[in-house]
Amino acid sequence: MNATALVELDGVSKYYGAVRALEDVSLQVHAGQITCVLGDNGAGKSTLIKIIAGLHGHDAGTLRVDGEETVLASPRDALDRGIATVYQDLAVVSLMPVWRNFFLGSEPTTGRGPFRRLDTARMRATTRAELLRMGIDLRDVDQPIGTLSGGERQCVAIARAIHFGAKVIVLDEPTAALGVKQSGVVLKYVAAARDAGLGVVLITHNPHHAHLVGDRFVLLKRGRTAAAHTKESVTLDELTRQMAGGSELDDLRHELERA
């Protein structure tokens, strides 16, 4: 693809003392595409997220944002460059209404001086409009966000990131704690973010979810790239086999049969 990647990692490594959390990992995130990063616990997915989100700098390799080589200094730096991260444990205040959570930390105000106050009407209207634009029709944006399902809360977080100008959205295991139906709801809005022109990084350990929506796939194992595919170059069965261990499972099967 000739278009400049929104985010590109080229041979990126991260060390914590003698521990190599990531070693020579490369991936590209393009506008209107979903790049899926798959791996089991300890594969390096969390470290990868922290580098893209600006929480940790990388120790080797190159990180480019819009083609410009950079080191993200902080999460605010990443946000300013259009990279938003939605973590699995969503940063929401359960008892606050949906609209307050939508604008949490970025509340618009009206009036001046001692008469300045939160512009609640604008926040309610904007929240309702932005959620509807994503196809999310909530009964009432005044309801506490804690009353929403896990899938609905994930979708509110995605809509919030888009509203505040994200060009790249990183989703940390958004379907991990959800059932089949709610996972489907979240994947629908992940696809909506892609269709809105965003570059999406979907972190997951579920090859079925990844293959449903993904355009590119990077499999991590013990901090290294075990495989990289495009949608056209890999089937769900092969992606699942590689994710499950492939030849290692075959070896285990033989050992168990002998036992």
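Helices and strands are named here as DSSP runs, numbered from the N terminus. With that naming in hand, the largest pocket of this predicted model can be placed among its elements: α2 (75–80), β6 (83–86), α3 (98–102) and α5 each contribute at least two residues to the lining. The space in this pocket comes to about 760 Å³. Its lining counts 30 residues, and those closest to the centre are Leu79, Ala84, Thr85, Val86 and Arg160.

Enclosed space was also searched for across the whole structure, and 1 cavity of 30 Å³ or more was found. The largest cavity has a volume of about 30 Å³. Around it stand Leu6, Val7, Val65, Asp66, Arg81, Gly82, Ile83, Lys167 and Val168.

One of these cavity-lining residues, Val7, leads on to a sheet. Val7 has Val29 of β2 as its bridge partner. Strand β1, spanning residues 7–16, pairs with β2 in the antiparallel sense, and 7 bridges join the two. Both belong to an open sheet of 4 strands, ordered β2-β1-β4-β5 and paired in antiparallel fashion. Because β2 (19–29) and β5 (68–70) are the edge strands, each with a single partner, one side of each has no neighbour in the sheet. From one strand to the next, the twist averages 30 degrees. In general, strands of a sheet pair through backbone hydrogen bonds, in either a parallel or an antiparallel way.

Turning to the interior, the largest nonpolar core gathers 44 residues, and the most contacts inside it belong to Leu131, Ile136, Val156, Ile158, Ile169, Leu171 and Phe217. Helix α5 (residues 150–163) gives the largest share of this core, 7 residues. The helix thus named has a part in the pocket as well, where α5 supplies at least two lining residues. A second, separate core holds 25 residues, including Ala43, Leu72, Ile83 and Ile203. Of these, Ile83 also appears in the lining of the largest cavity. Phe217, for its part, touches a varied set of residues beyond four places away in sequence, among them Cys36, Leu38, His211, Thr230, Lys231 and Leu239.

Finally, two loop residues deserve a look for their backbone angles. Glu173 sits in the loop between β9 (168–172) and α6 (180–195), and its phi is near 45 degrees, a positive value in a residue other than glycine. Arg222, in the loop between β11 (216–221) and β12 (224–230), likewise has a positive phi, near 50 degrees. Their surroundings can be set side by side: Glu173 is buried, with a relative accessible area of 8%, whereas Arg222 is exposed at 66%.

Methods. Residues are numbered from 1 along each chain as its sequence is written. This is a predicted model: local features need pLDDT of at least 70, side-chain atom pairs count only at pLDDT 80 or more; totals for chains, interfaces and linings use all residues. Side-chain values use heavy atoms; hydrogens and water are left out. Two strands pair if DSSP finds at least two bridges between them. Axes are lines fitted to C-alpha atoms, for helices over the stretch in contact, and angles run from 0 to 180 degrees between N-to-C directions. A nonpolar core is a set of buried Ala, Val, Leu, Ile, Met, Phe, Trp, Tyr and Cys residues joined through side-chain atoms within 4.5 Å. Buried means under 20% relative accessible area, exposed over 50%, partly exposed in between (1.4 Å probe, protein chains only). Contact means heavy atoms within 4.5 Å. On a 1 Å grid over the protein atoms alone, a cavity is a set of points where a 1.4 Å probe fits but cannot get out, and a pocket is an open set with protein on both sides within 12 Å along at least five of seven lines; lining residues have an atom within 4 Å of a point. Grid points are joined across faces, edges and corners, and a volume is the space filled by probe spheres set on the points.
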